[in-house]
Amino acid sequence: VQALKAMLLALHFSFFVARLNKLYTFVYEDNQWALDQNLRMGFNLEGTLRDHYFFRDDGFVTVHATGLTRNQLQCDTRLCGLASRWLGLRWPAELIR
């Protein structure tokens, strides 16, 4: 629960304080747990970047790209409800503009 609260606070800061429009992550292909957590937090799988990074010891690695926009967050009733109940945060449409 604490990690979810921390993520909700990070989303609030990113979208409503720093006024960013989009957040994105790159998740290593072999880290299914991290990908699942991103998807549970409202991020959408936007693509897979084959052989995207090179590491001297491991060679090329593939990553999954996920993204979340302010509008997508605002439309996610589950996350908005959790932010309201647990943290007292309100994400009304007028904050997005």
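A helix here is a DSSP run of H or I at least four residues long, numbered from the N terminus. With that in hand, welcome to the tour; the model you have open is a predicted one.

Start by selecting residues 2-17, which form helix H1, and pick out Lys5 within that helix. Lys5 is partly exposed, because its relative accessible area of 23% falls between the 20% limit for buried and the 50% limit for exposed. Now show what surrounds this side chain: setting aside neighbours within four places in sequence, Lys5 is in contact with Trp86 and Leu87. For a sense of distance, add Glu46 to the selection. Lys5 and Glu46 are separated by 41 residues in sequence and by 25 Å in space, C-alpha to C-alpha.

Next, select residues 77-87, helix H4, and colour Leu79, Cys80, Leu82 and Ala83, which are buried. Turn the view until you look down the axis of H4: these buried residues fall within an arc of 160°, so they line one face of the helix. What do the buried residues of H4 pack against? Display H1 together with helix H3 (70-75), and you have both of their packing partners. Then rotate to the face of H4 turned away from its buried side, where you will find the exposed residues Thr77 and Arg85.

Finish at the two ends of H4. Select Asp76, which caps the N-terminal end: one of its side-chain oxygens lies 3.1 Å from the backbone nitrogen of Arg78. At the other end, click on Gly88, which follows H4 and has a positive phi, near 70°.

Definitions and conventions. Residues numbered from 1 in each chain as written. Predicted model: local features only at pLDDT ≥ 70, side-chain atom pairs only at ≥ 80, totals over all residues. Heavy atoms only, no water. Buried < 20%, exposed > 50% of the residue type's maximum accessible area, 1.4 Å probe, protein only. Contact = heavy atoms within 4.5 Å. Arc of directions from axis to C-beta. Polar contact = N/O pair within 3.5 Å; in protein donor to acceptor, adjacent residues only side chain to side chain.
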